[in-house]
Amino acid sequence: MKRSLAELSPPEVLKVAIWIEERNARIYENYAEMFEWYEPDVARTFREMAREEREHGRRLNAMYAERYGEATCDLTDEDIRELVEAPIFEDGEAFVYDRVRRRQALEVGLLAERRARAFYMESAERVEEAALRALFRELAEIEAEHEAFFVRKLAEDRAAPSAES
Amino acid sequence: MRRQEALAVALAVLATVGTVVAALWYDRHRDAGRDVIELLAIQPKNGNWQPNEIRLERGRPVRLKIRNVETVSHGFALPDFGIGVAEIKPGEVHVVDFTPDRTGVFPFYCTVWCSPEHMAMAGRVIVTESVARASSDR
Amino acid sequence: MREGYVLGLIPETWRFELTRFPWVRRLLKSRWMPLALILFNVFLFTVILMAGFFGGLTSPGNYNFGIMIVWILWWVLLMTVLVPVLSRFWCTMCPLPFLGEWLQRLRLFSVRYERGRNPYFGLNKRWPRSLSNMWLMNILFLATTFASGFFTVRPAATFVLLAAIIALSVVLSLIYRARTFCLYVCPVSGFQGLYSNFALTEVRVKDPEICARHKQKGCVVGNERGYGCPWLLLPYAFRRNTYCGMCFECLKTCEYDNMAVNLRPPGVDLLVDEKRGLDEAYKALIMLGIAIVFFVTFQGPWGTLKDWANAATLSGYLTFIGLHASWNLLVLPAIFLLFVWGARRAARQSVPLKKVYVNFSYATVPLGLAAWIAFSLGIILPNGSYLLHVLSDPFAWGWNLFGTAHFPWTPVLTGLMPYLMILTLLIGLLFSIDIALKIARQTFAEPEAAVRGAFPILGFLGATTLGLLWLFVG
């Protein structure tokens, strides 16, 4: 039986957030595999994004260890009802029309981070337990940092001479 | 999996090479024991029956494949052997089997008004005791 | 009409999942599907090629297996049942790319898969970006129709066409990736793709959330159960039938059984405002234009036109090609442009003319399809009985396999034919009007502007229908 994120305890929420980053890293790696034969530049971007997600996961893991020590928690992102920060490349005919650029890959990441931030903010408004609310706010701030990473990358991409070639 | 792959390949070969071989074999097999003569029905101004003259051997079974290669209907009659095909439509092939039982020269005709020269659309069958055949097998 | 309803009756979102039946799901997940169907058609097309080869240049078409099966049975089935009902189901079982795909995969039944490695044999190049659209198919289909007068009377012409398609598909399969030939080159692929947007069947994701959580998109990259989408789609995300070849690989590769084959109301993909382009707009107009030319030439009372198309004289044939090409590439698109310009003016909205043109072109699809169905009725009802003949004597060698070699020519329901044609066309018009009104709302933001803007397009559809009706009963 899946549960809502708001029904979990703070350590559980944090553990799920770690799993989400790990899941996203694997999704990006799969996108990289999809684009490998097609557009190496896009594939490379997705690999970078996977690395970045792993780094996010590592940081959240450190936070977990600091706060809750080695206490185990079996929850993963698949145990919760909501779909948080799931990046999805939605252009179903992208390969047919052969028009995918690095920018689109970055936009996939940006959108996922934005949705995650909005979700955590909304959850913070909804929950009553102070500790949980604080954690949701903290997670929203972390997602805002991640968002900034993609915004920066997109700006670099736009500035690059080959961005639209 | 490996057996199913082999089965799929076998079916593919059967569907292609097998089909061609089976069709050619069947055609040869059903004509076995007979001389086969392909007769093209053509109106006189385009060349008339081809071949125009058919040489046969008495007592030897023969199969005529009468093919209309034109865009008008033709007919076929070989009255001395009681053979007639009322209509052979454009593109159609009619098969006539018979065994000539006497020697002589026997006329055959088109029996459908196919063109102003229809009356001239005729040929002949020459039956002898032994024959050096001029007509072609397919 | 009610928003969100097809013809104001059926919700656009209505779906009936055919794969909910375990035997259907099992069938589509088996690797014998579609291979068994393809193998049957490989057999059938071997007979067709033989009939074309032995039929030569002069044998009249009515008694040739190749001509009858391809241009009477297949074409009619394609236009009346396969495309409008089953989408690209012909592509599911098409034998023409069979050899090319076999060479690419080096397997017929099983899957050649190793994680992270390209499973295909050949150069696996990318098709040029500038040709990654329908333009080449538009030109090739139009060019193929130049020879329509030969295909239906000269068996060798059908042989040459099919042999050339097979040869080209093999060559392209060895150079380019996956189903490049089917996606961008096959002359009959483009219109099947566009018209399949009207079809009653689709392959789609059941629950997008499952795909969003899924870490390994086997439907795209393949796995040990099947190949990544050979039609270069992202099966978890595509939203219209245009390029889905219904090979069912995604049903096999999906680990969550999250792909479905659905029945749905007609025409809903024509409303998907994604990836619309001028190439598809031209495809819609060319198909409508060719249907009109074929009616006039092959079923109309003008013998001279038919003689031109059949190349009775070289000058006549060149005149036919000239008129045919300019009508389809210039005149009809220009007439449509006039109506589109009128629509934009009437709507008084600052939407780019190209966008209005492209969007409304999709409204002509139901009418075009109906015109082709009506034309097909004019082929099959008078000529269908010849099929019995060619089944018994496929190579015109005097065989009589099923005892029907001399079955007399028997036209069927030809008295009813004009009424059936009119009914078909009116149904097509109804769907076209429905789509046009909805596209008007998509194109022009304000509801009142949309109504004003729709009128000229309804005028185009009505005038085209009247013209076709005049051809049927005139």
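Across the interface of chain B and chain C of this predicted model, 0 salt bridges are found, a salt bridge being a side-chain nitrogen of Lys or Arg within 4 Å of a carboxyl oxygen of Asp or Glu. Local features require pLDDT of at least 70 and side-chain atom pairs count only at pLDDT 80 or more, whereas totals for chains, interfaces and linings use all residues. Residues are numbered from 1 along each chain as its sequence is written, chains are lettered from A in the order in which they are written, and side-chain values use heavy atoms, with hydrogens and water left out.

The rule nevertheless finds 10 residue pairs in polar contact between chain B and chain C, both residues at pLDDT 80 or more. A polar contact is a pair of N or O atoms within 3.5 Å; within protein, one must be able to donate a hydrogen and the other to accept it, and residues adjacent in sequence count only if both atoms are side-chain atoms. On the side of chain B that touches chain C, two or more residues come from each of α1 (2-30), β3 (62-68) and β6 (93-98) of chain B; helices (H or I, at least four residues) and strands (E, at least two) are DSSP runs, numbered from the N terminus. The greatest contribution to this side is that of α1(B), with 16 residues. By class, this side comprises 15 nonpolar, 6 polar and 9 charged residues, where Ala, Val, Leu, Ile, Met, Phe, Trp, Tyr, Cys and Pro count as nonpolar, Asp, Glu, Lys and Arg as charged, and the others, Gly among them, as polar.

The interface of chain A and chain C contains 7 salt bridges. One of them joins A:E93 to C:R240, with the closest N and O atoms 2.9 Å apart. Residue pairs in polar contact, both at pLDDT 80 or more, number 19 across this interface. The area buried between chain A and chain C is about 3,000 Å², with carbon and sulfur atoms giving 51%; buried area is the accessible area (1.4 Å probe) that two parts lose on being put together, summed over both. In chain A, the residues that lose the most area to chain C are A:E93, A:V96 and A:Y97, together 22% of what that side buries.

Within chain C, all 5 of the 5 residues of strand β4 (residues 201-205) are buried, so the strand is largely enclosed by the rest of the structure; buried means under 20% relative accessible area, exposed over 50%, and partly exposed in between (1.4 Å probe, protein chains only).
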